[in-house]
Amino acid sequence: MRKKLPKILVTGAAGFIGSAFARLAVKKGYKITVVDKLTYAGDLARLAQIKGKYKFYKADISVPREMESVFRKERPEVVVNFAAESHVDRSIKDPSAFIKTNIAGTQILLDAAKKYGVAKFIHISTDEVYGDIKKGKFHEDSPLKPSSPYAASKAAADLLIKAYVRTFDFPAVIIRPSNNYGPWQYPEKLIPLSILKILRGEKIPVYARGKNIREWLYVEDCAKGILKIMQKGRKGEAYNLGSGAEKQNIQVVRALLKELNTPSDRICFVKDRPGHDIRYSLDRRKLIREIGWSPETEFSQGIKQTVGWSLGQKKWLLSKWAGVTRLYK
Ligand SMILES: NC(=O)c1ccc[n+]([C@@H]2O[C@H](COP(=O)([O-])OP(=O)(O)OC[C@H]3O[C@@H](n4cnc5c(N)ncnc54)[C@H](O)[C@@H]3O)[C@@H](O)[C@H]2O)c1
């Protein structure tokens with residue numbers, strides 16, 4: 001007989017990575033409840049494919065009364081927490097929402113999960129908690145040295161979770177993915193922003209000389225990795241989730257220009273982001289050894305798929321333009 005699958009509460013599932021995870025979990029037969037505040041970054045259009053197959057609460061993870069009500073009604077067995085303010089540039093302009101959602105929100109969610117006795121709490125952190133590294137790779141026990149207010153808020157949440165594991169024997173697992181890209185990403189991040197700029201016939205802004213290196217992970221691979229860690233990850237452990245595909249920002253933009261048959265004079269170098277991390281790189285041996293996960297999508301393939309998707313969803317991308325211009329004014 002097939003084992004009964006646990007009921008999952010997914011926070012932030014109207015966002016980019018959370019929605020990819022929600023679509024995958026439903027496809028695999030899980031019953032899910034979605035909690036999302038629907039900030040500028042949240043959009044239920046990302047869940048259209050699974051419409052009618054999930055329960056939705058428009059709620060804020062940093063409001064205890066709202067979380068209490070969701071947990072009381074739903075009694076989830078597993079929580080996967082994607083809900084966050086996620087954009088570094090916004091955290092530099094104003095960190096307050098990052099502190100509220102990413103730190104206080106995590107604590108409130110942890111307390112609700114603890115009170116209602118969830119069996120597993122999967123927290124989505126980031127590779128940015130380690131800061132940057134010129135050579136070599138970060139492993140899960142590397143010191144946390146965040147550079148931006150965003151990364152600091154994510155590192156604070158990680159430390160809080162570690163404290164709950166130690167103090168309350170709380171069943172949490174931390175996942176630290178590298179930079180994601182793919183369908184449905186809000187166009188304030190490098191790849192969809194560049195595509196949007198190309199589609200609008202405008203110059204693509206690239207920080208400094210575009211030499212900063214990120215490790216690019218296709219979002220559907222990331223969702224699969226998270227699901228596998230949810231099933232097999234050990235309580236109290238952290239897992240890096242990287243692809244090994246390290247690229248300079250300028251290489252990424254050039255790949256997009258090529259894919260869209262656009263000349264390279266459309267690149268425009270702009271003043272660097274303050275505190276800009278030089279390079280991220282994750283050691284993923286623990287993930288391979290314990291979880292048996294490896295990415296399936298080559299970077300060039302992922303870029304092709306992302307561009308193809310963007311051309312098909314041009315209307316959706318263009319509809320986000322007003323929010324993006326407000327940010328970079
Ligand atoms: N995008 C990346 O490359 C990347 C890489 C590593 C880790 N992460 C982490 O993965 C998670 C998801 O990232 P993303 O890119 O999908 O983000 P996103 O900004 O696309 O989505 C975040 C979602 O959380 C919701 N949300 C925000 N505040 C909330 C609150 N207080 N209560 C309830 N919902 C709230 C938003 O409405 C949105 O739907 C985040 O925790 C982020 O830190 C992202």
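Setting aside the neighbours within four places in sequence, E85 is in contact with R90, S91, A97, F98, T101 and N102, and this residue is a useful place to enter the structure, which is a predicted model. E85 sits in the loop that runs between strand β4 (78-81) and helix α3 (88-93). One of its contacts, N102, is 17 residues away along the sequence, yet the two C-alpha atoms are 6.7 Å apart in space. Is E85 buried or exposed? E85 counts as buried because 24 other C-beta atoms lie within 10 Å, where 20 or more are required.

From this loop we can turn to the ligand, which is surrounded by 31 residues, with G12, G15, F16, G42 and A84 being the closest. Helix α1 (16-27), strand β2 (32-36) and helix α4 (96-115) each contribute at least two residues to this shell, and the largest share, three residues, comes from α1. Sorted by class, the shell holds 13 nonpolar residues, 13 polar residues and five charged ones.

A further part of the picture is the largest nonpolar core, which has 85 residues, and among these V10, F21, V80 and I122 touch the most other members. Helix α5, covering residues 149-168, gives the most to this core, namely eight residues. In soluble globular proteins, nonpolar side chains tend to be buried together. To follow one core member outward, take I122, which, apart from its neighbours within four places in sequence, is in contact with V78, V79, V80 and N81, with V173 and I175, and with I226, I229 and M230.

Key. Residues are numbered from 1 along each chain as its sequence is written. This is a predicted model: local features need pLDDT of at least 70, side-chain atom pairs count only at pLDDT 80 or more; totals for chains, interfaces and linings use all residues. A residue is near a molecule or strand if its C-beta atom, placed from the backbone, lies within 6 Å of it. Helices (H or I, at least four residues) and strands (E, at least two) are DSSP runs, numbered from the N terminus. Ala, Val, Leu, Ile, Met, Phe, Trp, Tyr, Cys and Pro count as nonpolar, Asp, Glu, Lys and Arg as charged, and the others, Gly among them, as polar. A residue is buried if 20 or more other C-beta atoms lie within 10 Å of its own, exposed if 12 or fewer, and partly exposed in between; C-beta atoms are placed from the backbone. Two residues are in contact if their C-beta atoms, placed from the backbone, lie within 7 Å. A nonpolar core is a set of buried Ala, Val, Leu, Ile, Met, Phe, Trp, Tyr and Cys residues joined through C-beta atoms within 7 Å.
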